[in-house]
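Q: I would like a close look at one part of this model, followed outward to whatever it touches. Please take it slowly, and include the backbone details that deserve a second look.

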Amino acid sequence: MSDYGFIDTPEKLEDLAKKLGKEKVIAVDTEADSFFHYYDKLCLLQVGARAGIFLIDPLALGENGLDPLKPVLEDPGVRKIFHAAEYDLYMLFRSAGIRVRNIFDTMVSAQLLGYNAVGLGALVERHFDVKLSKDQQRTDWSRRPLREAQTEYAASDVIYLIEITARLEKELKEKKRLAWAQAEFTTLEERVWPEREFDKQGYMRIKGARKLDPRELAIMREVFMMRDKRARMLDRPPFKVLGNGTLLDLAQNPPATRRALGNRKGITELVLRRMGQDLLEAVQRGVEGPEHPPLTKKPPVNNGRRRLDRRGDERLAQLKKWRARRSKELELDPGVFCPNAGLEEIAWAMPKDLEALRALGPMKGWWVDAFGAEVLEVSANAQEHAANLPQSNDGGARRNRRGRRRGSRDSSSKD
């Protein structure tokens with residue numbers, strides 16, 4: 001492992017910022033504590049450069065402590081290399097107001113090159129025959145002092161990025177895909193990050209919630225809100241306070257007594273002692289209060305799934321056949337080449353020209369530039385092929401239902 005400097009004072013960071021401002025390329029990574037706290041925060045910033053490996057401690061630097069690095073990270077003249085940049089960019093913007101410019105993402109590049117495994121460990125092993133340790137992936141980065149195993153792990157995340165980038169960029173050029181990657185990087189740079197706020201409808205994303213009846217949903221809502229309140233008080237992630245499966249169980253089979261509550265899976269003695277009464281009261285509010293309003297289906301959006309008729313299904317099938325062939329030729333994962341949402345949108349909208357294709361929500365500009373004319377031809381042929389089919393699936397569904405009923409009567413007559 002290479003030596004590295006630990007930056008935990010404003011003076012050290014200002015000196016480092018001056019050094020980094022003279023670099024042409026730096027590698028960047030972050031560590032946060034989302035697995036251990038209600039609000040995740042930036043706990044460590046790793047930087048690799050010709051000048052060395054540096055571990056920067058935002059917790060020690062305090063509020064606005066990363067300001068000296070802002071000019072460097074926002075300088076388009078300095079390339080910043082990340083692996084899976086999205087979360088890092090989000091944390092840097094939310095924690096320090098930094099909008100990073102001139103990005104190179106090694107994971108995105110590996111995907112566009114058709115690599116089977118695109119994790120950082122897989123890239124390092126592939127290019128350098130070195131296995132990185134994974135034993136600190138779930139560590140609490142907010143605790144101080146950091147252990148040697150943590151700092152070694154953190155430093156290893158940036159040691160190889162600059163060399164990996166040189167190799168990936170060469171491969172991208174050879175395959176004429178560097179422009180694709182650069183377009184993806186620009187999209188990341190321009191990403192608008194949402195404000196952090198509590199989603200009061202978050203219980204609807206819990207698996208099984210949409211199958212609950214209005215009374216059960218009312219209970220689910222109450223216990224969900226109670227869990228979030230307790231999670232904030234304890235500064236713990238909600239799922240570590242009470243699991244989603246337990247919330248669903250309480251909604252479907254509401255306990256009326258402390259004893260009944262204590263018999264539920266996920267309700268430990270500690271949970272029962274600390275928040276048993278609050279849980280029972282939340283359940284009671286759901287049982288006695290107004291029922292949950294009826295669920296409404298959200299209207300389809302440009303990048304959402306479309307409900308296609310029979311002709312649309314046929315167009316989609318033809319588009320998927322084309323995607324399977326082209327992605328195999330390009331040695332790309334079909335989902336990387338063009339996600340299902342994109343094909344569904346094309347099958348639904350039936351664009352007639354490149355401008356119309358480019359206007360579709362899921363379509364990426366570089367993809368339209370490279371494959372737009374081809375996909376328009378496939379789409380037109382698919383539309384011609386589908387034109388002879390009935391437009392609606394309803395008739396077939398009715399025939400299937402009549403067939404099942406007739407089959408049922410026939411079976412009963414034989415008994």
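A: Helices here are DSSP runs of H or I with at least four residues, strands are DSSP runs of E with at least two, and both are numbered from the N terminus. The model is a predicted one, and the part I would start from is its open sheet, in which 6 strands follow the order β1-β4-β3-β2-β5-β6 with mixed pairing. β1 (residues 4-7) and β6 (residues 103-105) stand at the edges with a single partner strand each, so one side of each has no neighbour in the sheet. On average, neighbouring strands are turned by 25° against each other when direction is ignored.

At the β1 edge, the partner is β4 (residues 52-56), and the two strands pair in the parallel sense over 4 bridges. Within this pairing, Ile7 stands opposite Ile56 of β4. Helix α1 (residues 10-20) lies across β1, β4, β2 (residues 25-32) and β3 (residues 42-49), and the direction of α1 makes an angle of about 130° with β1.

A second helix to consider beside the sheet is α4, which spans residues 85-96; its 12 residues reach 16 Å from the first C-alpha to the last, close to the 16 Å expected at 1.5 Å a residue. The buried residues of α4 are Ala85, Asp88, Leu89, Tyr90, Met91, Leu92 and Ala96. These buried residues pack against strands β2, β3, β5 (residues 79-82) and β6, and also against helix α9 (residues 178-189). As background for reading such a list, an α-helix has 3.6 residues a turn, so residues three or four places apart point the same way. After α4 comes Gly97, with a positive phi near 65°.

Through α9 the picture extends to helix α19 (residues 365-386), since the axes of α9 and α19 come within 8 Å and cross at roughly 155°. That angle is over 145 degrees, the cut-off for this description, which makes α9 roughly antiparallel to α19. Trp180, Ala183 and Glu184 of α9 make the contact with Trp366, Ala370 and Phe371 of α19.

Turning to the backbone details, most residues other than glycine have a negative phi, and most peptide bonds are trans. The loop between α6 (residues 120-128) and α7 (residues 148-159) holds Pro145, and the peptide bond that leads from Arg144 into Pro145 is cis, with omega near 0°. Asp129 is placed in the loop between α6 and α7, and this residue has a positive phi of about 55° although it is not a glycine. Asp129 is exposed, its relative accessible area being 67%.

In the loop between α15 (residues 310-330) and α16 (residues 334-337) sits Glu331, where phi is again positive, at about 55°, although Glu331 is not a glycine. With a relative accessible area of 54%, Glu331 is exposed.

A buried residue may be set beside these two loop positions: Thr246, in helix α12 (residues 244-252), has a relative accessible area of 8%. Leaving aside residues up to four places away in sequence, Thr246 touches Lys265, Gly266 and Ile267. For Lys265 there is also a polar detail, in that its backbone oxygen lies 3.2 Å from a polar atom of the Thr246 side chain.

Key
Residues numbered from 1 in each chain as written. Predicted model: local features only at pLDDT ≥ 70, side-chain atom pairs only at ≥ 80, totals over all residues. Heavy atoms only, no water. Pairing = 2+ DSSP bridges. Axes fitted to C-alpha atoms, helices over the stretch in contact; angles between N-to-C directions. Contact = heavy atoms within 4.5 Å. Buried < 20%, exposed > 50% of the residue type's maximum accessible area, 1.4 Å probe, protein only. Polar contact = N/O pair within 3.5 Å; in protein donor to acceptor, adjacent residues only side chain to side chain. Expected span 1.5 Å × (residues − 1). Parallel < 35°, antiparallel > 145°, perpendicular 65-115°, else oblique.
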